[in-house]
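Below is a colleague's note on the structure, set out as numbered points that can be read against the coordinates.

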2 protein chains.
Amino acid sequence: MIPMPRSYAVIGAGAVGGFYGARLQKAGLEVHFLLHSDYEYVRRHGITVESVEGDFHLRHVHAYRSATDMPACDVACVCLKTTQNHILPEILPRVLSPDGVVITFQNGLGIEGDLAAIVGSDRVMGALCFICSVKIGAGRIRHLDYGAIKLGEYSPDSVPRGVTTRMKQIGEDFRSAGISVELAADLLLARWQKLVWNIPFNGLCAILDADTSRIMKSPSAVQLVQEIMHEVAEAAAAHDRIITEEFIRGMIYSTRKMAPYSPSMKLDREKGRPMEIETIYRRPLHAARERNVPMPLTQLLARELESLEEIIRAQGSQERKEASLEE
Amino acid sequence: MIPMPRSYAVIGAGAVGGFYGARLQKAGLEVHFLLHSDYEYVRRHGITVESVEGDFHLRHVHAYRSATDMPACDVACVCLKTTQNHILPEILPRVLSPDGVVITFQNGLGIEGDLAAIVGSDRVMGALCFICSVKIGAGRIRHLDYGAIKLGEYSPDSVPRGVTTRMKQIGEDFRSAGISVELAADLLLARWQKLVWNIPFNGLCAILDADTSRIMKSPSAVQLVQEIMHEVAEAAAAHDRIITEEFIRGMIYSTRKMAPYSPSMKLDREKGRPMEIETIYRRPLHAARERNVPMPLTQLLARELESLEEIIRAQGSQERKEASLEE
């Protein structure tokens with residue numbers, strides 16, 4: 001469906017886009033990076049990835065400050081924070097070839113629908129990233145653990161779309177870059193499964209100002225995590241996506257085993273940046289309410305995060321003013 | 001009932017005991033301070049109060065490191081953090097004269113009952129402090145705003161005890177020290193009323209790492225505060241203590257007007273010290289559960305604070321090791 005070799009546009013070169021984009025380029029694929037505040041640095045010095053799988057440096061990357069200057073690509077990877085998605089209607093039509101697809105690498109619910117409104121629902125895919133990585137400076141990504149992605153097709157009517165040819169093709173590109181790829185026949189199930197982790201850990205790490213390993217050492221916090229996971233599972237079940245006890249136990253187990261990690265929301269709190277409350281909390285809460293599923297713990301966590309964000313905004317943090325495409 | 005002039009033992013010379021004890025001594029009353037880590041400093045240099053009502057310095061105070069060395073006093077004011085109340089069974093019998101009474105100046109529910117178990121239920125009173133003050137160093141108290149106390153008799157069967165002679169007498173002592181005193185015929189009502197403020201603000205200020213003025217500038221946080229206040233009011237109502245809408249509105253109004261303030265629980269979080277979760281949260285939650293009153297927001301807030309405390313404890317903060325009688 002999509003010609004080979006496929007070209008990639010990477011929108012935002014932070015912890016996620018910087019890592020996957022650099023790995024694709026290192027594997028020989030054509031990658032074009034749309035950058036904002038890091039543009040000058042990356043254009044001159046390229047991208048460095050410090051990775052548990054081996055460090056590498058890309059001296060030359062195709063860096064752009066404006067989508068207008070970019071070539072039309074076969075695949076556009078949206079790797080912004082969702083709080084910046086309002087810039088996408090300007091960008092996506094410019095960077096996508098006529099048959100191109102857009103893949104959101106972002107967390108939360110309902111993002112594919114937003115993208116479909118821009119490019120059409122048959123040109124949208126979602127990728128769930130299971131990665132611990134952080135941008136430690138301009139063009140500088142630290143990859144701490146994991147790295148797999150789960151790729152699936154957007155379905156406007158929520159009926160699983162199965163595994164398509166282009167999923168396989170794009171999956172092969174990522175595999176050629178050493179990325180572990182799972183093809184998800186049911187993207188919505190994958191989204192809810194990811195939320196089972198994101199909803200408790202993003203919020204509690206931000207609110208309690210603790211990384212995952214500190215959370216896992218507090219019996220009270222682990223108890224909260226588990227109860228919140230069950231709230232998410234019940235909301236998912238109301239949307240015909242079954243999340244088992246075993247799945248939840250596995251999440252707890254792997255979080256306990258993984259390197260100490262600060263989810264992006266905790267870093268956002270520290271830096272005074274907007275947090276992804278809308279896509280990670282408000283939309284799942286809305287989806288639960290549609291089916292009369294109460295999520296009291298999730299609800300309060302969301303309200304605390306909103307309070308935190310209002311407090312941070314009122315403080316008028318300097319870092320917030322420097323918020324950029326890459327963050 | 002109690003001879004005049006009355007002598008006072010002040011247990012703990014932190015933000016509360018340091019302020020009220022110093023004011024009583026300044027007014028000419030006999031005051032004996034039981035200190036721990038600040039003992040040496042206070043014995044040599046006395047106590048300084050930087051106050052909105054005028055700074056003053058007491059060069060000489062009766063300072064003790066051990067209750068064994070103290071004279072028996074007519075009134076013992078317990079001004080410790082409740083997290084240190086386990087040391088009181090050793091202390092109170094030594095510092096109280098045969099007719100002496102103990103007054104807890106602490107926050108939360110059920111403390112009088114604990115003290116009654118030590119000295120007998122007819123020798124216990126409670127004082128609610130409406131004060132913004134902070135210990136800024138050894139023997140150094142900063143008084144930021146307010147300062148009134150509400151004094152009442154402990155009632156083991158929860159029936160209001162009315163205004164007693166000794167309440168009037170002790171009230172007069174505090175008034176002579178320029179402290180505004182209200183005599184509460186129903187101590188339990190006063191306790192619940194105080195909790196209407198403490199439960200939302202202590203917890204949210206600690207969790208959101210924000211002082212009262214920052215909380216009041218966040219519409220989402222104010223909404224949370226109000227809902228938590230209503231949870232407390234419903235629990236109080238189930239114990240026949242009526243807290244009106246007007247009272248809640250008044251609390252919100254006066255918090256908005258007061259100087260920015262960090263409740264002790266927020267400072268405890270910052271310093272890695274134990275927080276008063278048991279008396280301010282767990283006991284009111286228990287009282288609510290006894291009457292089948294749900295307090296979902298309060299409940300989650302308590303669980304988050306417990307998580308926070310476990311996380312802080314695991315960090316093995318240096319400050320915690322220095323936790324002392326005065327804190």
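1. Two residues are taken to be in contact if their C-beta atoms, placed from the backbone, lie within 7 Å. Everything that follows concerns a predicted model. With that criterion in hand, the buried residues of helix H8 of chain A pack against helices H6 (187-208), H7 (212-216), H9 (245-257), H11 (277-290) and H12 (296-315) of chain A, together with helix H12 (296-315) of chain B.

2. Which residues of H8(A) are buried? They are Ala221(A), Leu224(A), Val225(A), Ile228(A), Met229(A), Glu231(A), Val232(A), Ala233(A), Ala235(A) and Ala236(A), where a residue counts as buried if 20 or more other C-beta atoms lie within 10 Å of its own. The length of H8(A), which covers residues 219-238, can also be checked: at 1.5 Å a residue its 20 residues should span 28 Å, and the end C-alpha atoms are 29 Å apart, which agrees. Just after H8(A), Asp240(A) adopts a positive phi of about 65°.

3. On the relation between the chains, a turn of 180° with a shift of 0.0 Å along the axis lays chain B on chain A with an RMSD of 0.0 Å. The two copies are therefore related as by a two-fold rotation axis. Within chain B, the C-alpha nearest that axis belongs to Ile207(B), at 3.2 Å from it.

4. At the interface, 21 residues of chain B are in contact with 21 residues of chain A. On the side of chain B that touches chain A, helices H6 (187-208), H8 (219-238) and H12 each supply at least two residues, and H12(B) gives the most, with eleven residues. By class, this side of chain B has twelve nonpolar, three polar and six charged residues. Because 100% of the interface residues of chain B are also interface residues in chain A, the copies meet through the same surface.

5. Pro296(A) has its place in helix H12 of chain A, and it counts as partly exposed because it has 15 C-beta neighbours inside 10 Å. Between Pro296(A) and Val10(A) the separation is 286 residues in sequence and 37 Å in space, C-alpha to C-alpha.

6. A backbone point deserves a look in both chains. Most residues other than glycine have a negative phi. Asp209(A), however, has a phi near 50°, a positive value in a residue other than glycine, and Asp209(B) likewise has a positive phi, near 55°. Asp209(A) is found in the loop between H6 and H7 of chain A, while Asp209(B) lies in the loop between H6 and helix H7 (212-216) of chain B. As for burial, Asp209(A) counts as partly exposed because it has 18 C-beta neighbours inside 10 Å, and Asp209(B), with 18 C-beta neighbours inside 10 Å, therefore counts as partly exposed too.

7. Turning to the strands of chain A, E6 (residues 73-78) and E7 (residues 96-104) run parallel and are joined by five bridges, with Val78(A) standing opposite Thr104(A) in E7(A). Helix H3 (residues 88-95) of chain A completes a right-handed β-α-β unit with E6(A) and E7(A). E7(A) pairs in the parallel sense with strand E8 (residues 124-137) of chain A as well, over three bridges, and here Ile103(A) stands opposite Met125(A) in E8(A).

8. In chain B, the pairings of strand E9 (residues 140-153) can be followed one by one. E9(B) pairs in the parallel sense with strand E3 (residues 47-51) of chain B over four bridges, and Glu50(B) stands opposite Arg142(B) in E9(B). Strand E8 (residues 124-137) of chain B runs antiparallel to E9(B) and is joined to it by twelve bridges, with Val134(B) opposite Arg142(B) in E9(B). The hairpin of E8(B) and E9(B) has two residues between the strands, and in it Gly139(B) takes a positive phi near 60°.

9. One further partner of E9(B) is strand E10 (residues 181-184) of chain B, which runs parallel to E9(B) and is joined to it by four bridges; in this pairing Lys150(B) stands opposite Glu182(B) in E10(B). The chain passes from E9(B) through helix H5 (residues 165-176) of chain B to E10(B), making a right-handed β-α-β crossover.

Conventions
Residues are numbered from 1 along each chain as its sequence is written. Chains are lettered from A and ligands numbered from 1 in the order in which they are written. This is a predicted model: local features need pLDDT of at least 70, side-chain atom pairs count only at pLDDT 80 or more; totals for chains, interfaces and linings use all residues. Two strands pair if DSSP finds at least two bridges between them. A crossover is right-handed if, with the strands pointing away from the viewer, the path from the first strand over the helix to the second runs clockwise. Copies are superposed by least squares on the C-alpha atoms of residues with pLDDT of at least 70 in both. The expected span of a helix is 1.5 Å times one less than its number of residues. A residue is buried if 20 or more other C-beta atoms lie within 10 Å of its own, exposed if 12 or fewer, and partly exposed in between; C-beta atoms are placed from the backbone. Ala, Val, Leu, Ile, Met, Phe, Trp, Tyr, Cys and Pro count as nonpolar, Asp, Glu, Lys and Arg as charged, and the others, Gly among them, as polar.
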